[in-house]
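Open the model in your viewer and follow along. Have a selection tool ready.

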Amino acid sequence: MISFNLLIVVSLAYVAFLFLVAFAAERRAKRDRGRWLRNPLVYTLSLSIYCTAWTFYGAVGYAARSGFEYLTIYLGPTIIMIGWWWILRKLVRIGKTQRITSVADLISSRFGKSTVLGVLVTVLAVVGTTPYIALQLQSVTQSLAVFAAEPGSGWDGRDFDSAAVWIAVGLAVFTLIFGTRNLDVNERHHGVVMAVAVEAVVKLFALVAVGVFVVWGMAGGVGEMLDRIDAAVIAEWHPVPHRWVGLIFLSAAAFLTLPRMFQVMVVENSDEKHLVTASWAFPLYVLIMSLFVVPIAVTGLDLLPEGSNPDLFVLTIPLTTGNEGLAILSFLGGFSSATSMVIVATIALATMVSNHIIAPIWLSSTQQGAALSGDVRGVIVLSRRLSIAMILMLGYLYFRLSGGGAALAAIGLISFAGVVQVLPAMIAGIFWRGANRIGAGTGIVIGFAIWAWTLFLPSFGPGAVLSEAVMAEGPFGLAWLRPYALFGITGLDPVIHAVFWSVFFNTVALVMLSVLTFPNPMERLQGAQFVNVFEHSAGARTWSQGAARAEDLLIMAQRIIGHGEAQEMFRQEARAQGIHGYLPEVTPELIGRLERTLAGSVGAATAHAMVGQLTGSAAVSVEDLIAVADETAQIVEYSNQLEAKSAEQERTARALREANEKLTAISIQKDAFLSQISHELRTPMTSIRSFSEILREGEIEPEARSRFAGIIHEEATRLTRLLDDLLDLSYLENGQVQLDVARGSLASVLDRAVMAAGLSAGRLVLNRDSTREAVQIETDLQRLTQVFINLISNAAKYCDAAQPELTIRVLDDGDLCQVDFIDNGTPLDADAQVLIFEKFSRLADESKAGGAGLGLAICRQIMDSLGGEITYLPGQGGPAFRVTLRRAAQLAAQ
Amino acid sequence: MNGPRRIEYLERDTYRQRRYRDAARALPVFATILFFLPLFWDWEAGTGIRPSVLIVYLFGMWLALISLSALISYLIRFSDGDSRDSPTEGDDR
């Protein structure tokens, strides 16, 4: 027999152990700044406050009553955690940059640091959570009652109520000690988190122990257990689709919005990476938590007499089978689940109540200068402590007034449905910049009202708050407003019915009003900060048109965050501005940072209001926003300019590179030219020298002498011609040519050229069309003749046809005149077409070449200086050159 | 300053990381479908699905999803600094 005293001793010992753990964690945290405590495992275990006593005891009862439906409560969070933890990651990042302290603070801060929204969410959270706290108290007293009911426990059943009181007081003491050690919520409650983590292990261990006992100790193995389940009442269960879907949604949504979950998940989070571990570790935890629920339920239904409370099977099975140690372990598991939930929920709610209700009231009651007079820090801590006491008292009162029992057991889902009303505002707030205060506020109010009407008020039982007539026929006989059948839809389960309509209208109001109304600048600013938190994590800027003195700000900061920290912060800020001492210039940056720091202690809305009192005007104007936008635009502009400059530099570099390549190529060309020219000069010189030597030695026959002299003369002429050409080219290239411009007909120029080319009769056949050649031109006729001579003699020299023919074709093209020289030899290939105009370029057959290969190069230079051009004309069946000239017609007309 | 421009094409490594994140995002969708599947089973008492099958199915799927999630979270890397917590305001850089 477990005596009541033993139970008390065990409980006290356990509580003492928790205190020790919390103390140790706090001390440790102080020593090494909590590095050791910040690990993913502790984080994951702290998330397990999702599993309260309601799930520890209640899941089995749930399974006994509604089969596998209890799983929905765990499947919802699983869906969120295994992949959509990036929603949480965004929340965590926002929580860090904006120093968010609670769900209410998140919503209030997002929607323009609105006090009204903060109050609204706080009220919602308190109304939704208080019954849940009551439920935890009930579960502990019920579990005590199980032991008391055992014969020989030596306990008088009347003491249950006082037990609940003592539990509440104990929890209050723990929470007061460890929950208000730090004023700054963001500094984390290491003691609390550690205690919660330890409790998570205890409850998991307890439930698994009972489960193992049931499966292997009683049923005899997994196979036997499955057979038993198939044979049990539970086998008649079948899923109700709308409940199955609805409850999975509800639990997933509640997982994100429950104040206690937000507390451990976002506020107490120290590293975003922990979320990645929790993404699989937390689902694994809840899987293990739910694994043995059905076996325990089935065994309990078999083993225990009809009518015993299935909610307590976890306790009664070990007790009935005489395993007292297991029963105590199980009791501790339930106790752990209840206490950890109550502690964290109380801290979360107390933060909200203190920051969003008490602090604003106090602030407005003391009016101007509140932040400067009085002990702000003391007031905040006191209000936090009062809030904790008040919330626990509310929970206790709810427990007493509702009288416990079945009505309370149903409160779990009802509470979920209440807090879920925050979901639309939360999700829209972090993903949709367009969501605004009016939409969010109205959505929450409407959702809250529908939830209260369709679920919360009826939950007190028929006749308690809503009369049976209202339940059956609707208020004032309006049947479409019946709480369980809005708009006459009767087929839905009350919970799903309430969740559906409340979230539906909540979202509709949020979207519609956000679309139709216009947000104030502060909302838009915060909206951008929240939605784009990963782009700029620097934190929002604030505004100061009024002249606040740095000293006033320091005094206020000292009163809230403490002297040391405030002075350190101001000194750092001053140093950053290059000022010695503790008083920096009051810049928007300073005020923004101060506001965020204070927000960690008192919430964004209150911090904003406090700083606003000092800086005079706390309001942001549209001009301010535009100024910021301008600043951003300037930065973007500057960066664009930089980019443009860098592109320009790149272009310049490329141009330089190209010029350099050209220079290199020219230098190579020059070298080639020099060696080429030496070669060209050397060949005739060599023959001149050798023949002149022969002549000098005498004794040569006159015939030979005259031949040799002829050769010398010929070579000398060639040299002269080469040098003439070179000189000519050089003049032309340097633009030193004097042009002797005259008017004349193209035909006469061509005639002269043909004659001068000295064509041997019959060797080359010329085709000319004299009618088309009657074109007046005005240019240097001598030079042009030179070009034509060159082209004609080239044709005569190089044409390799059996019967060489040269066609000279004149084309009249407006003010341009084109003269084509086409012979019937072999056309040049593509490479040659490019090279042909270069100096010393001679094609294949050198022997025929009379010149040095400068002819076409000179032609090109001449044409350049005459303002025309000479090009190779491909596709004419033979080598073809086109000379383009300016006609004189226009000139004559002028 | 990021400016209005976004990087259109990523390095192989970054690309892979993004796809892991995509996988993480898709996982809950599959989870939802798998968890809703029992609704379409034959639940006729006596002839239909036995509850032990549901237990094995649900917990099996659950475990498989957890394993996948563990695998993905093992593969996903966060660059340091984008997740580090700054203990006090004064520490942020």
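This tour visits nonpolar cores and then a sheet, all in a predicted model.

**Stop 1: the largest core.** Select Y70(A), I107(A), I296(A) and W62(B). In the largest nonpolar core, which holds 194 residues, these four touch the most other members. Now colour helix 10 of chain A, residues 190–219. Helix 10 gives this core 18 residues, the most of any contributor. Domain 1 (4–409) and domain 2 (410–538) of chain A each supply at least three residues to the core.

**Stop 2: W62(B).** Which residues does W62(B) contact, leaving aside its neighbours within four places in sequence? From chain A, select L71(A), Y74(A), L75(A), T78(A), P283(A), V286(A), L287(A) and S290(A). Then add F35(B), which is also in contact with W62(B).

**Stop 3: another core.** Apart from the largest core lies another, of 45 residues. Pick out L732(A), I777(A), F821(A) and I858(A), which are among its members.

**Stop 4: the sheet.** Stay in chain A and show the strands in the order 4-6-7-9-8. They form an open sheet of five strands with mixed pairing. Strand 4 (765–768) and strand 8 (869–872) of chain A are the edges, each pairing on one side only. On average, neighbouring strands here are turned by 20 degrees against each other, direction ignored.

Zoom in on strand 6 (805–813) and strand 7 (816–823) of chain A. Their pairing is antiparallel, over eight bridges. Find D812(A): opposite stands C817(A) in strand 7 of chain A.

**Last stop: the helix on the sheet.** Select helix 32 of chain A, residues 746–756. Helix 32 packs on the sheet and touches strand 4, strand 6, strand 7 and strand 9 (880–886) of chain A. The directions of helix 32 and strand 4 of chain A make about 180 degrees.

Conventions. Residues numbered from 1 in each chain as written. Chains lettered and ligands numbered in written order. Predicted model: local features only at pLDDT ≥ 70, side-chain atom pairs only at ≥ 80, totals over all residues. Heavy atoms only, no water. Core = buried A, V, L, I, M, F, W, Y, C linked by side-chain atoms within 4.5 Å. Buried < 20%, exposed > 50% of the residue type's maximum accessible area, 1.4 Å probe, protein only. Helix = DSSP H or I, 4+ residues; strand = E, 2+ residues; numbered from the N terminus. Domains from an automatic or database assignment. Contact = heavy atoms within 4.5 Å. Pairing = 2+ DSSP bridges. Axes fitted to C-alpha atoms, helices over the stretch in contact; angles between N-to-C directions.
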